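Please open the model in your viewer, show it as a ribbon, and keep the selection tool at hand. The tour begins at a single residue and moves outward from there to the empty spaces and the whole chain.

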Amino acid sequence: MILEEFDPERKAVINPQDFISPVENMPKVAVTCYSNATFERMVKELDARQIAKTDTANGTKPVYGAIYRGTPVALAMIDVGAAMSAAMLEDLFVMGVEKVVVFGTCGVLEKEIEDCSVIIPDCAVRDEGTSYHYAPPSDEIPVNEKHRELFENLLKELHVHYTVGKTWSTDAFYRETPGKVLHRKQQGCICVDMECSANAAVAQFRGKELVQFFYAADNLDAEKWEARSLANESRLEEKDRIAAIALELAVRI
C-alpha cells in the first residue's frame, strides 16, 4: 500500500532549503495560526514588523517578528490543510525557528464542549496523507507529549477551562459522514481538525518542538451541523484571548 512506503531518507529531490534560507536573528519560537482575522489583530497588537516571507502559488505569506514579555517571537499565518501546513512549518524550521505554538479551530464531536473553549489534543488519528511521508505508518500519533503539563498548568493559572483528548485529523472535510463521525467517536475522538497529525509528524521528523491546541468551533454532534463560531469574523474578542494564551505559552516552552 502507498501509505506504507515511508522512506526515512532526510534528503529529498526538492527540499525546503532550496527555497528558504536561514534568517539572521530569527526568533527561536514562533506562534502560528490559520485565521487571517485573528492573525492580523495579533500582528497589530504587538506592533510586529516583517522579517521574512514564504511564497506559494497562492501568494506571499509574511513572517513577522515581535517582542512579547521581553522574548523575541516570530508570528506566521499558515495555510489550511495538512500539506500546506507541513510545508510552511518546514520553511519556519529552515529560517531558524526551533519551537512552534500552533492554534486554530476544530469541530467538536461532543456537543458538551463549549464554543470557543480550549482543547488540547494528546493524540491524533492520521486520516490525512502528509504525515505518512514523515513517520512510519500507524493509525495514530502522539501530540503535545513534552509540554502538555506545562500548558495545563498555564491554563489553570489563567483560570481557563479546557478539555484534553484525541483529535481526528482529516483533509476531506466534505467527507465527514455521519458514519465516520460515529466511528471516530467510538475510537475516542472528541474533535476533528485538518492538520494536527501532519504537524506532529513534521516536528518529530525534523527534531523540533511543537505545541498544538484548538479553540472549539462547529458542532458535528447534532442532528444538523451547527456552525457556531467557525466564521473567521465571529467572536473575535474571545479569539483574541486564545491568541494571548498562545503567546503566553510561547514564552514558557
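Begin by selecting Phe-213, which lies in strand β10; helices (H or I, at least four residues) and strands (E, at least two) are DSSP runs, numbered from the N terminus. This is a predicted model, in which local features need pLDDT of at least 70 and side-chain atom pairs count only at pLDDT 80 or more, while totals for chains, interfaces and linings use all residues. Residues are numbered from 1 along each chain as its sequence is written, and side-chain values use heavy atoms, with hydrogens and water left out.

**Around Phe-213**

Is Phe-213 buried or exposed? Phe-213 has a relative accessible area of 1%, and buried means under 20% relative accessible area, exposed over 50%, and partly exposed in between (1.4 Å probe, protein chains only), so Phe-213 counts as buried. Accessible areas come from the Shrake-Rupley method with a 1.4 Å probe, and for residues only the protein chains shown count as cover.

Next, add the residues in contact with Phe-213, where contact means heavy atoms within 4.5 Å. Leaving aside neighbours within four places in sequence, these include Val-101, Val-102, Phe-103, Val-118, Ile-119, Phe-151 and Ile-242. Gly-104 is another of the contacts of Phe-213, and although the two residues are 109 apart along the chain, their C-alpha atoms are separated by 6.9 Å.

**The cavities**

Rolling a probe the size of a water molecule over the atoms shows where empty space is left. On a 1 Å grid over the protein atoms alone, a cavity is a set of points where a 1.4 Å probe fits but cannot get out, a pocket is an open set with protein on both sides within 12 Å along at least five of seven lines, and lining residues have an atom within 4 Å of a point. Grid points are joined across faces, edges and corners, and a volume is the space filled by probe spheres set on the points.

By this rule there are two cavities of 30 Å³ or more. To find the largest cavity, with a volume of about 60 Å³, keep Phe-213 selected and add other residues of its lining, among them Tyr-34, Gly-104, Thr-105, Glu-195, Cys-196 and Phe-214. The elements that give two or more residues to this lining are β5 (99-108), α5 (196-206) and β10 (209-219), and the largest share, four residues, comes from β5. By class, the lining has six nonpolar, four polar and two charged residues, where Ala, Val, Leu, Ile, Met, Phe, Trp, Tyr, Cys and Pro count as nonpolar, Asp, Glu, Lys and Arg as charged, and the others, Gly among them, as polar.

For the second largest cavity, which holds about 40 Å³ of space, select Thr-54, Lys-61, Pro-62, Val-63, Ala-76, Met-77, Ile-78, Met-88 and Leu-92. Two or more of these lining residues come from each of β3 (59-68), β4 (71-77) and α2 (82-95), and β3 gives the largest share, three residues.

**Helix α5**

Now select α5, in which nine of the 11 residues are buried, so that this helix is largely enclosed by the rest of the structure. Among the buried residues are Cys-196, Ala-198, Asn-199, Val-202 and Phe-205. Just after α5, look for Gly-207, which takes a positive phi of about 70°.

**The pockets**

Which residues lie closest to the centre of the largest pocket? This pocket has a volume of about 810 Å³, and of the 31 residues that line it, the closest to its centre are Gly-107, Phe-173, Glu-176, Asp-218 and Leu-230. β5, α4 (178-186), β9 (189-193) and β10 each supply at least two residues of its lining.

The second largest pocket holds about 630 Å³ of space, and Ala-12, Ile-14, Pro-16, Glu-90 and Tyr-134 lie nearest its centre among the 29 residues of its lining. Here α2 gives the most, with six residues.

**The whole chain**

Finally, zoom out to the chain, which has six helices and 10 strands. Buried residues make up 54% of its 253 residues, and its C-alpha atoms fill a box of roughly 50 × 45 × 35 Å, taken along the principal axes.
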